[in-house]
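I opened this notebook to get to know a new structure. Have a look along with me.

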Amino acid sequence: MSAIESVLHERRVFPPSDKASANAAISGMDAYKALTAEAESDYEGFWARIARETLSWHKPFTKVLDESNAPFYKWFEDGELNASYNCIDRHVEAGHGGKNAIIFEADDGAVTNVTYQDLLQRVSRLANALKKQGVKKGDRVVIYLPMSVEGVVAMQACARIGATHSVVFGGFSSKSLNERLVDVGAVALITADEQMRGGKALPLKSIADEAIAAGGCDAVKSVIVYRRTGGKVAWNEGRDLWLHELVENESDQCEPEWVSAEHPLFILYTSGSTGKPKGVQHSTGGILLWAAQTMKWTFDMKPDDVFWCTADIGWITGHSYITYGPTAIGATQVMFEGVPTYPHAGRFWEMIGRHKVTIFYTAPTAIRSLIKVSEADAKVHPKSFDLSTLRILGTVGEPINPEAWMWYYENVGGAKCPIVDTWWQTETGGHMITPLPGATPLVPGSCTLPLPGIMAAIVDETGQDVPNGQGGILVVKRPWPSMLRNVWGDPDRYKSSYFPEELGGKLYLAGDGAVRDKDTGYFTIMGRIDDVLNVSGHRLGTMEIESALVSNPLVAEAAVVGRPDETTGEAVVAFVVLKQARPEGDAGTKIANELRAWVAKEIGPIAKPKDIRFGENLPKTRSGKIMRRLLRSLAKGEEITQDVSTLENPAILDQLGEAR
Ligand code: PRX
């Protein structure tokens with residue numbers, strides 16, 4: 001049975017315990033229904049209420065939602081605030097400056113505590129330094145940093161002066177970094193000499209140098225370098241600056257720049273089905289509001305909780321649930337530099353014990369890979385560690401299969417911690433469909449019900465609602481505050497990708513297929529309906545990988561599809577036609593390895609095809625269209641049952657069916 005089928009057949013239900021409900025922010029289904037009813041009866045009033053309660057406004061907003069230029073929606077536009085003030089100063093002013101904001105654990109196990117007071121000083125110093133470098137409100141700053149306190153400080157420092165940050169994941173190649181620097185028009189780049197992962201030092205500065213040298217980055221005036229390892233780096237006098245030297249003599253006071261709620265807080269690139277990655281543009285008020293509110297609702301965060309989100313700050317999860325969400329509500333969080341398997345595969349569980357983590361948020365891929373190792377080695381099994389402080393578990397980024405859900409529930413949560421399976425996206429800014437720990441009866445593999453105020457629905461190809469039990473296209477019917485505002489520099493793409501005319505132009509198209517349970521109305525996500533793959537929770541466009549492959553001088557043509565994978569959810573399979581004859585045996589293996597390394601260099605190691613198949617051609621219709629459906633079946637190793645009579649070259653299927 002496939003993972004999706006097993007979710008659809010799942011009948012186990014886990015109601016919230018009395019303990020989980022007792023003090024919960026949303027303490028039961030009645031409370032949930034009351035909030036959804038409030039949102040339905042007075043949509044703007046509902047959002048205005050929580051925006052007033054959750055955020056500190058320098059100038060209160062008078063208008064809630066502006067739909068006059070739909071789908072370019074605006075929320076709370078005449079209100080003014082500052083993200084960094086909301087995440088730091090207001091907690092210090094309330095007397096919580098001594099509270100730990102971040103407990104940082106380095107790759108080698110060294111622990112650093114950063115209080116809200118420390119954070120305020122560090123952010124203010126860097127904010128002042130950025131201003132001295134000429135960075136102004138509205139300028140874009142690219143951040144290419146490892147998981148580090150400096151990463152959070154850099155993001156918050158940009159927010160403090162009204163600069164818009166664009167974080168690029170440290171695993172992306174120089175080419176990917178270059179494309180983003182150019183597209184966003186960065187005036188500064190903040191990077192590190194190296195990053196430490198699993199005991200190894202990996203270069204960042206040299207990749208950043210290559211990225212800038214690749215051209216189009218004339219606007220980048222300064223490259224600020226955090227010294228993480230002390231490893232040797234090339235130095236460009238006049239452009240490169242050490243972070244520690246830069247902030248040394250700066251004042252630790254910096255008046256926040258008050259910006260409109262609509263001011264772009266960040267741009268984060270993500271893969272779509274066509275073309276280059278899209279710069280998803282988010283607003284200050286919207287992101288901050290939803291990141292903070294969902295910390296309270298989804299994670300039921302209380303002042304004494306210790307939260308740990310294992311995502312990287314290079315992804316949206318790290319933005320909303322490391323940099324902004326936990327700090328906006330004044331929480332204490334753990335931040336981790338390294339990888340779950342170093343120095344041993346019990347690292348996550350050991351760290352939960354060490355830092356007394358109460359709420360733990362990770363990706364299904366991490367869970368699935370740890371199941372394998374811990375079932376083989378009792379020493380790294382979660383049961384060998386003290387996980388007694390845990391009270392809530394979460395997952396994000398990809399579907400979780402019921403088997404992995406049950407293992408997580410029993411072995412990590414001790415059968416007492418609710419699991420919040422949070423469905424959302426880079427574009428949605430924060431959680432959309434998720435269980436609530438004190439309210440929602442859980443069904444393994446289902447993200448259950450939309451949050452109050454989120455009008456999620458399932459429709460057919462014409463935009464009409466489909467009945468429960470029938471699969472369809474996942475949409476959101478009304479704008480919500482944390483939604484993306486635009487695709488940076490490409491408003492047409494924003495409209496056509498997210499509000500397509502075929503669906504009437506008003507529904508937000510998520511790009512996922514989903515189905516609602518006949519009885520409960522619970523949502524189950526069935527995966528992407530476009531050419532986007534989800535590998536270990538990382539989003540990759542098949543077209544991007546195809547473009548990378550065909551840019552190799554050996555390659556004539558390439559087609560990329562996904563295949564279900566036990567650990568990574570999906571795996572990349574590439575079908576390649578070389579300019580030379582189809583290679584056999586070792587020669588094929590050698591070229592396949594070369595192409596894998598090529599893709600890693602072009603995009604990043606996360607995009608490397610797991611399986612590369614060579615053919616003399618690709619299966620095409622007589623009009624020359626590649627039949628991707630057939631490629632998907634071949635990738636899975638399925639027998640071809642489809643009608644292949646329209647194929648120009650049916651013999652090719654045998655060649656491509658051979659796994660390497
Ligand atoms: O396909 C869905 C999947 O991840 C996609 C969004 O990817 P990204 O923008 O990188 O954001 C990931 C972190 C929020 C979605 O379109 N996805 C995300 N969460 C889930 C999920 N699929 C199933 N269940 C989830 N909980």
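These entries cover the ligand and then a sheet with its helices.

Entry 1, ground rules. I am reading a predicted model, where local features need pLDDT of at least 70 and side-chain atom pairs count only at pLDDT 80 or more, while totals for chains, interfaces and linings use all residues. Residues are numbered from 1 along each chain as its sequence is written, and side-chain values use heavy atoms, leaving out hydrogens and water.

Entry 2, the ligand. I looked up its surroundings and found 17 residues (each with a heavy atom within 4 Å of it). Asp 421, Thr 422, Thr 426, Asp 512 and Arg 539 come nearest. By class, I noted 6 nonpolar, 6 polar and 5 charged residues in the shell. Next I checked polar atoms: a backbone one of Thr 422 is 2.8 Å from a ligand nitrogen, and a side-chain one of Arg 528 lies 2.8 Å from a ligand oxygen. The elements giving two or more residues to the shell are helix H12 (316–328), strand E20 (419–422) and strand E25 (523–528).

Entry 3, the sheet. I found an open sheet of 3 strands in the order E28-E29-E30, with mixed pairing (strands pair if DSSP finds at least two bridges between them; a strand is a DSSP run of at least two residues). Its edge strands are E28 (555–565) and E30 (611–614). I saw that E28 and E29 (residues 569–578) run antiparallel, joined by 10 bridges. One pair I looked up is Arg 563 with its bridge partner in E29, Ala 571.

Terms used: Helix = DSSP H or I, 4+ residues; strand = E, 2+ residues; numbered from the N terminus. Polar contact = N/O pair within 3.5 Å; in protein donor to acceptor, adjacent residues only side chain to side chain. Nonpolar A, V, L, I, M, F, W, Y, C, P; charged D, E, K, R; others polar.
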